[in-house]
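Colleague: I would like to learn how to read a model of this kind feature by feature. Could we take the general idea each time and then the case at hand?

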Amino acid sequence: MFPFWRLLAGELRILAQGISRWWWLAAAGVTVAGFVAPEPTMLLPLAWVWPVLIWSRLGTQRVEHGLDGLLGAYPTPSKGLLAEWAAGVVLTAVTGVAPLVRMVVTADWPGAGAWAGGTLLVPSLALALGVACRTHRVFQVVYLGVWYLAVNGVAAVDYMGVVRSGGRPAGPSPLAVAAVALVLVGAALAVRTARHATR
């Protein structure tokens, strides 16, 4: 267990490497605004589009920095991939923490459930596309498209729970979103394992 936590800490450092302090200050500003906004989910779309360039590093850094051959020799690629995914989940949770706290305080459990599903989905999508396509640009295009549709009221793709009907999230159930997230992680693991086996 402890080796995994060390691996996760390392992946968090890699994911956050090179990020400007101004980025963190802006993220902190969005978090503070999320605590005082009239509606808990009002600033969640902003909080969950701000890290798009960081999420897009998931699954691509080892290729784009020429480390694929070196890291491909690691005997258990699944642990590294799961730690990389967990680092993405942590980033997603941290950037969206203010709406979650507000929803818990007001006992908005459907909203909190939607938040949890989104927290799993975003890094899963980034990781799966990064591993499969080996470039950060595909996730950026796909995610911004889905995000744009959700923000503009298309409930079918609302992974954040911001589209409401009768005060409840109108999008897919959190369990469905979480299931899609797990399928994406499984697909990323399968692709990386297959590549590892051919070395």
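Modeller: Let us begin with a loop, bearing in mind throughout that this is a predicted model. Arg 134 lies in the loop between helix 9 and helix 10, the latter covering residues 137–151.

Colleague: What is the phi of Arg 134, and how should its sign be read?

Modeller: The general idea is that most residues other than glycine have a negative phi. Arg 134 has a phi near 65 degrees, a positive value in a residue other than glycine. Its relative accessible area is 31%, so Arg 134 is partly exposed. A second case is Ala 107, where phi is near 60 degrees and again positive in a residue other than glycine. Ala 107 has its place in the loop between helix 8 and helix 9, and with 44% relative accessibility it counts as partly exposed.

Colleague: Which secondary structure elements surround these loops, and in what pattern do they follow one another along the sequence?

Modeller: The protein has 11 helices and 2 strands, and read along the sequence these give the pattern α-α-α-α-α-α-α-α-α-α-β-β-α. For the overall dimensions, one can set the radius of gyration against that of a compact globule: with 199 residues the globule would have a value near 16 Å, and the protein, at 17 Å, agrees with this. Along the principal axes, the C-alpha atoms fill a box of roughly 55 × 35 × 35 Å. Buried residues make up 43% of the 199 residues, and of the contacts with a separation of 6 or more, 77% are between residues 24 or more positions apart.

Colleague: How should I read the length of a helix, and what does helix 11 reach from its first C-alpha to its last?

Modeller: One compares the reach with the span expected at 1.5 Å a residue. Helix 11, residues 174–197, has 24 residues and reaches 34 Å, close to the 34 Å expected. Its buried residues are Val 177, Ala 178, Ala 181, Leu 184, Val 185, Ala 188 and Arg 192.

Colleague: Arg 192 carries a charge, yet it appears in that buried list. With which residue does Arg 192 form a salt bridge?

Modeller: For a salt bridge one looks for a side-chain nitrogen of Lys or Arg within 4 Å of a carboxyl oxygen of Asp or Glu. Arg 192 forms one with Glu 84, the closest N and O atoms being 3.4 Å apart. The pair links distant parts of the chain, since Glu 84 is in helix 7 (residues 77–95) and Arg 192 in helix 11, 108 residues apart. Glu 84 is buried, as is Arg 192.

Colleague: How many salt bridges does the structure hold?

Modeller: The structure holds 2. Besides the pair just described, Arg 164 forms a salt bridge with Asp 108, with 2.9 Å between the closest N and O atoms. Arg 164 lies in strand 1 (residues 164–165) and Asp 108 in the loop between helix 8 and helix 9, so this pair ties together parts that are 56 residues apart in sequence. Arg 164 is partly exposed, with a relative accessible area of 26%, whereas Asp 108, at 14% relative accessibility, counts as buried.

Colleague: What should I check when a buried arginine, such as Arg 102, has no salt bridge?

Modeller: One looks at the distance to the nearest side chain of opposite charge, and then at other polar atoms around it. For Arg 102, which is found in helix 8 (residues 97–105), that nearest side chain is Glu 39, 6.9 Å away. A polar atom of the Arg 102 side chain does, however, lie 2.9 Å from the backbone oxygen of Gly 34. Leaving aside neighbours within four places in sequence, Arg 102 is in contact with Gly 34, Phe 35, Val 36, Ala 37, Pro 38, Glu 39 and Pro 40.

Colleague: Is Ser 56 buried or exposed, and which residues does it touch?

Modeller: Burial is read from the relative accessible area, and contacts then show what surrounds a residue. Ser 56 has a relative accessible area of 2% and is buried, although it is found in a loop, the one between helix 4 (52–55) and helix 5 (61–64). Not counting residues up to four places away in sequence, Ser 56 touches His 136, Phe 139 and Gln 140.

Key
Residues numbered from 1 in each chain as written. Predicted model: local features only at pLDDT ≥ 70, side-chain atom pairs only at ≥ 80, totals over all residues. Heavy atoms only, no water. Helix = DSSP H or I, 4+ residues; strand = E, 2+ residues; numbered from the N terminus. Expected span 1.5 Å × (residues − 1). Buried < 20%, exposed > 50% of the residue type's maximum accessible area, 1.4 Å probe, protein only. Lys, Arg positive; Asp, Glu negative; His and termini not counted. Polar contact = N/O pair within 3.5 Å; in protein donor to acceptor, adjacent residues only side chain to side chain. Contact = heavy atoms within 4.5 Å. Rg over C-alpha atoms; globule rule 2.2 N^0.38 Å.
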